[in-house]
Amino acid sequence: MSEILKCTGLTKKYGSLVALNNLDLSVNKGQIIGLLGPNGSGKTTLIKLIAGLLKQNSGELTVNGEKIGINTKKIVSYLPERTYIPDWMRVIDIIKMFENFYEDFNLEKVKIMLDNLGIKFNQRIKAMSKGTKEKLQLILVMSREAQLYLLDEPIAGVDPAARDYILRTIITNYNPEAAVIISTHLIQDIETVLDDVIMIQNGNLKIHKTVDEIREESGKSVDELFREVFRC
Amino acid sequence: MLGKLFKTEFKASGRLYLPLFIGVIFFAVVERIMLELETRVSNESLVLNILFGVITVIFVLIIISVCVSGQFISIYRFYKSVFTDEGYLTNTLPVKSSSIIISKLLVGVLYTVFSYIVLFVSGFIMVAGDLLTNALNGLRITFGIENTQISLMDFAISSIVNLKLTLTILAVLIIAALFFNILMFYVAFAIGNMANRKKVLLSIIIYIVIVNLLSIISAGVAMFVDDWLTLDNVLMVNVINITLAIILAVIVVIGLVSFFVTNKIIKSKLNLE
């Protein structure tokens, strides 16, 4: 399996606070990875560094062998933990924007998913609930034929029915050439779709194993292991 | 990609400028109608006078907002789409950071020019016809042009031989200044964004510092030119042209430096927390 993401000695500081500390990590194509850790562990920082919204203080970070830049942004599809679609737009405007800027954008996929989740093309973003905005963003992100999907809390703000649909979408979009990194606290909900688990704490890598390894070695589910490792 | 970015920004900014432009033109027409009514109907009508007063106040307010908005909207759009939540969309697009800056800068300058055109048109609507003729006559009489047969243009040409060159430099200078003003804000916001908190406040302080530093530099240049003026062998016309050229050069150099600093920060030091 070829490598899609590689971090070597990756360090990010906010002033005196160390968000990521000398992190070494490698992710292969064809995997769905759960990025887990307590609040403030560095999950979002890692995802933002890969997306190119932050710059590391030291260390190397490559996607598909390239440093973060235009070429990596072309193949990385990123769902932030907040809503970013300008309020004045309609659904059709943001779809056109994605179609304009991303070569890998699949319009047919968008149409099907919008239809399934009952979102109309001419709906105004301003009039949408937070949950609907999150669904729309996820639809846009999953409608790209990307090689690396970064999903930061993709299911936190949506109802359980939509949650199931989203997870089904992630699995059915499975592509052996692509990897999916999902950061979440709702471990039980996503446990069944994960291949690998990365647990980080205070910016340090705690565990990087396959779900099967975790079950075999500890006899526990990922959720149980998480509660044990990060017991307060 | 620059074209696509330009198109996107043109639309996003247009939605903010357009209501102002329509407002100015609309109120200019209303003002004109009121003026005509006032002169033709009656000066005694209290209702008409109050209405005229209210409309005039609104019109003036809109004109002021158009004057200010030219740059303000451009700066707001830049800040909002690069450094706030919208930045999560803008900065993950597979485009060069320089293209993002250039597209927003061009749109900002373009709409500033549009706003001046709209103001000019609204002024024309207000005074076109008899009013304009009267105003021009007034000007002519004030300057005594009819009596002495010397036109303003003749006067200008006689004192500034190389008028064409001066006007050309001046035109380029005005265009450069439009870019320059917006770039000063861009660089201030880019530097301010590098801080971990109070980014907007810091950006404004940085802007004030930059503007003050530039005033000091301009004062220095003015003193240098002033010394030079005393030299007998330098013609007045050359002094004007050279002064303008120096200002232009300073604006272009500082503008370019600001652009590169802004680009460098967005490219290598982006700090979206």
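Two residues count as being in contact if their C-beta atoms, placed from the backbone, lie within 7 Å. The exercises below concern a predicted model.

**Exercise 1.** Determine which elements cover the buried residues of helix 1 of chain B.

*Solution.* Begin with the buried positions of helix 1 of chain B, among them Leu5(B), Ala12(B), Tyr17(B), Phe21(B) and Phe27(B). Next, identify what covers these residues: the cover includes helix 2 (46-83) and helix 4 (97-127) of chain B. Chain A also takes part, through its helix 3 (91-101).

**Exercise 2.** Compare the span of helix 1 of chain B with the span expected at 1.5 Å a residue, and locate its bend.

*Solution.* The helix runs over residues 2-40, which makes 39 residues. The expected span is 1.5 Å times one less than the number of residues, so helix 1 of chain B should span 57 Å. Its end C-alpha atoms are 54 Å apart, in agreement with that value. A bend of about 40° is found at Arg15(B), and Pro19(B) follows within four residues.

**Exercise 3.** Assess whether the radius of gyration of chain A agrees with that of a compact globule.

*Solution.* For 232 residues, a compact globule would have a radius of gyration near 17 Å. Chain A has 17 Å, so the two agree. Its C-alpha atoms fill a box of roughly 50 × 35 × 35 Å along the principal axes.

**Exercise 4.** State the secondary structure and the buried share of each chain.

*Solution.* Chain A has nine helices and 10 strands, whereas chain B has 10 helices and zero strands. Buried residues account for 41% of the 232 residues in chain A and for 25% of the 273 residues in chain B.

Definitions and conventions
Residues numbered from 1 in each chain as written. Chains lettered and ligands numbered in written order. Predicted model: local features only at pLDDT ≥ 70, side-chain atom pairs only at ≥ 80, totals over all residues. Helix = DSSP H or I, 4+ residues; strand = E, 2+ residues; numbered from the N terminus. Rg over C-alpha atoms; globule rule 2.2 N^0.38 Å. Buried ≥ 20, exposed ≤ 12 C-beta atoms within 10 Å, placed from the backbone. Bend = angle between axes of the 7 residues up to and from the residue.
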